[in-house]
Amino acid sequence: NKRIKGLSISRPIYYGNTATPLNGKKASNSDHTHKWTVMLKGLNNEDLSYYIRKVVFRLHETYPNPLRTVEQPPFELTETGWGEFEIMIKVHFQVATSEKSVTLYHHLRLHPYEDDVNGQPWPKDKPVSSLIYDELVFNEPTEAFKEILAKN
Ligand code: SLL
């Protein structure tokens, strides 16, 4: 499985979170204020499972079982909670790619920023989102991986 010297291939991704206030819809025995979803996506909702095998989201230690593994697309996780924290997103590639996993970090965002508000009060049911475009860069991919990417 030879690596191709000098070649580097990149693939666009999109990751981050959306969050909606619970506005009292929460269970009475909980202090959770928001429902949120953290996700890793392709552009235009492209299914990334041809080269991504699973995504592990590591949540704050206040969550039960903070390591959450998603082995099927969509690679996303929905939870409720009360606070913002940094989520570690570990991306594992299909074995046939011979690529090592890649770790991304995302600051879970529950509240609107000043900039969003633009002088207006933020509507209390309106979701906030914090999503960024990025790209995964693969240096000296194997022939096999190059073919997997070329076919998709
Ligand atoms: C803060 N440093 O103090 C941050 C930590 C942790 C948020 C935020 C737990 C939910 C649950 C939850 O929302 N943790 O109890 O299951 O703001």
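In this predicted model, Glu-86 is found in strand β6. A useful place to start is the set of residues that this glutamate meets. Leaving aside residues up to four places away in sequence, Glu-86 touches Arg-58, Tyr-105, His-106 and His-107. One of these partners, Tyr-105, is 19 residues from Glu-86 along the chain, and their C-alpha atoms are 6.7 Å apart in space.

The next residue of interest is Ile-87. With residues up to four places away in sequence again left out, Ile-87 touches Trp-36, Val-38, Phe-57, Arg-58, Leu-59, Leu-104, Tyr-105, His-106 and Leu-108. Arg-58, Tyr-105 and His-106 thus appear among the contacts of Ile-87 as well as among those of Glu-86. Ile-87 also takes part in the largest nonpolar core, which has 32 residues. Within this core, the residues with the most contacts are Trp-36, Leu-40, Tyr-51, Ile-52, Phe-57, Ile-87 and Ile-89. Two or more core residues come from each of the strands β1 (8-21), β2 (34-41), β3 (52-58), β5 (75-81), β6 (86-93) and β8 (128-139), and from helix α2 (143-150).

Attention can now turn to the ligand. Its surroundings consist of His-32, His-60, Thr-62, Tyr-63, Gly-81, Trp-82, Gly-83, Glu-84 and Phe-85. By residue class, this shell divides into 3 nonpolar, 5 polar and 1 charged. Polar atoms of the protein approach the ligand from both side chains and backbone: a nitrogen atom of the ligand is 2.9 Å from an N or O atom in the side chain of Thr-62, and a ligand oxygen lies 3.3 Å from an N or O atom in the side chain of His-32. From the backbone, an N or O atom of Gly-83 is 3.5 Å from an oxygen atom of the ligand. On its own the ligand has 460 Å² of accessible area, and the protein covers 69% of that.

It remains to place these details in the overall fold. The protein contains 2 helices and 8 strands, which follow the pattern β-β-β-β-β-β-β-α-β-α when read along the sequence. Its C-alpha trace spans about 55 × 35 × 20 Å along the principal axes. Of the 152 residues, 37% count as buried. Among contacts with a separation of 6 or more, 66% are made by residues 24 or more positions apart. Finally, the accessible surface of the protein comes to about 9,200 Å², with carbon and sulfur atoms accounting for 48% of it.

Key:
Residues numbered from 1 in each chain as written. Predicted model: local features only at pLDDT ≥ 70, side-chain atom pairs only at ≥ 80, totals over all residues. Heavy atoms only, no water. Near = heavy atom within 4 Å. Polar contact = N/O pair within 3.5 Å; in protein donor to acceptor, adjacent residues only side chain to side chain. Areas by Shrake-Rupley, 256 points an atom, 1.4 Å probe, with all protein chains shown as cover. Nonpolar A, V, L, I, M, F, W, Y, C, P; charged D, E, K, R; others polar. Core = buried A, V, L, I, M, F, W, Y, C linked by side-chain atoms within 4.5 Å. Buried < 20%, exposed > 50% of the residue type's maximum accessible area, 1.4 Å probe, protein only. Helix = DSSP H or I, 4+ residues; strand = E, 2+ residues; numbered from the N terminus. Contact = heavy atoms within 4.5 Å.
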